[in-house]
Amino acid sequence: MITSGRRRSSEAPPKECKVTRQSALADKNEFDSINSSSILLKKLLMGDAEERRMQQQIGTRVFKKTSPNGKITTYLGKRDFIDRGDRVDLIDGMVLIDEEYLKSNRRVTAHLLAAFRYGREDLDVLGLTFRKDLITQTYQVYPRDPLQQERPLTRLQERLKKKLGDNAFPFWFEIPAKSASSVTLQPAPGDTGKPCGVDYELKTLVSTSDSNSGVEKAKKHSQVRLAIRKLTYAPWVNRPQPTVEACKEFMMSQGLLHLEASLDKEMYYHGESVAVNVHIQNNSNKTVKKIKVSIIQIADICLFTTATYTCEVARQESTEGFPVGAGGTLSKVYMMCPLLDNNKDKRGLALDGQLKHEDTNLASTTILTPEVSKETLGIVVFYKVKIRLSIAGALGGELTAEMPFTLTHAKPPETPEPRKSIAEIPPDPKPVKDDEEDLIKLDDVIDTTGVIIDDDDIIFEDFARLRLKGNETDDLNNEHS
């Protein structure tokens, strides 16, 4: 029998070769693991460096929006303006006008509009609009109106003027204190167009004279529309804790069912949990089966007649510690947090305005004063805690109690006061000598981290607002034909 000197391919490789291949494979896996770890470490280091670089990039964020024809651009420092009780944050901005419009002396005006929309836009027919104007203000940006009161530029306007040049012109608006706040009624998933509610809009437009009638008109391609919000901040007041007591008596039964409830405080901020302290004393021969504690938002639509939307924004139903029989007691604290994230499917829920998708919260409690009429506010919002005890038996029924409370925003940072004119600044009684160093730099802004911000360090961000159709964010300028 003749055997071949070559090893057949079906034969297993030598044991030493197998071990060598396994070692090589292990070395390769170890190398890949080290390589991947190095790459991951490198990415982490690069990410940390990028994050540090972004943190070191300090600047003033300014929102801007340009008209469809590109001739005017409106700049605004913020979109949310806070009502602090005695005053509202000043609306100050700049309008950059094209050189062609300046040479032709086109009239540029800014308008502040606050309106209560109580119907869909597609229902506006034959000149009948479901809209009630609450605030209307006009400011002529260019050419300057000599009848308008001249005021010094704010800090933001000075920086924008320095950066944009001589073609930038300022405007100011002052919203009356304790006026209507931005409130949006949450639409249904299929609704399109502007939602119902109170909205604020800042509109900048260029007027052109009609050659036939001589009347000035504004075209959509030469205007800018910005949606802004007016939010309410309720200053902290040391009010007493809300408490309530309720009793229920039964037919053919002696004794009472007594309920006591209280909150740990009267004012809560958005995102803060509400602590409801409940004490039940059952002196009757009935049995309490369970308890239901809920937070309810009530929105009064103040128009020709008052309509009310009632929505449950937080709920807790418990049988722990129950049933409470005759002569029994129960004391317990129930924690609840009213959040928009848990109520996005409820139509008619009042929100704090809405500029773009998912950037808002539940509407704040409306601060009512005797001198303010509800009709001028459009929508009045308030909250209450409702406690309901379910009693066993055919004639048991329920025992309920309610406590109102305030839900508002935390204290916002103070806005700087407008700069005084040179004539209003008193002379320095002790002028600085030439050889002394001026330790205070009035033209620099020092951040909380101690970093000096340069006047030219302005970050521009395009202004956009919510488009309800498809939950996509788009500019309002897309409405033009």
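**A walk through a predicted model**

Hi everyone. Let's start with residues 417–455, where pLDDT, the predictor's confidence in each residue from 0 to 100, stays under 50. The model has 37 contacts for this stretch beyond four places in sequence, a contact being heavy atoms within 4.5 Å. Residues 465–481 are also below 50 in pLDDT, with 46 contacts beyond near neighbours in sequence.

This is a predicted model, in which local features need pLDDT of at least 70 and side-chain atom pairs count only at 80 or more, while totals for chains, interfaces and linings use all residues. Residues are numbered from 1 along each chain as its sequence is written, and side-chain values use heavy atoms, with hydrogens and water left out.

How does the chain do on average? Its mean pLDDT is 76, and 69% of its residues reach 70 or more. Helices (H or I, at least four residues) and strands (E, at least two) are DSSP runs, numbered from the N terminus. Among these elements, strand β14 (residues 274–282) has the highest mean pLDDT, 96, and β25 (residues 472–474) the lowest, 37.

Now the sheet. Five strands form an open sheet with mixed pairing, in the order β13-β20-β19-β15-β16; two strands pair if DSSP finds at least two bridges between them. β13 (267–269) and β16 (306–318) each have a single partner strand, so one side of each lacks a neighbour in the sheet. β15 (residues 288–302) runs antiparallel to β16, joined by twelve bridges, and A299 stands opposite Y309 in β16.

Finally, in helix α3 (residues 155–164), the buried residues (under 20% relative accessible area, 1.4 Å probe, protein chains only) include R155 and L160. Just after α3, G165 takes a positive phi of about 105 degrees. Thanks!

Note on methods:
Buried means under 20% relative accessible area, exposed over 50%, partly exposed in between (1.4 Å probe, protein chains only).
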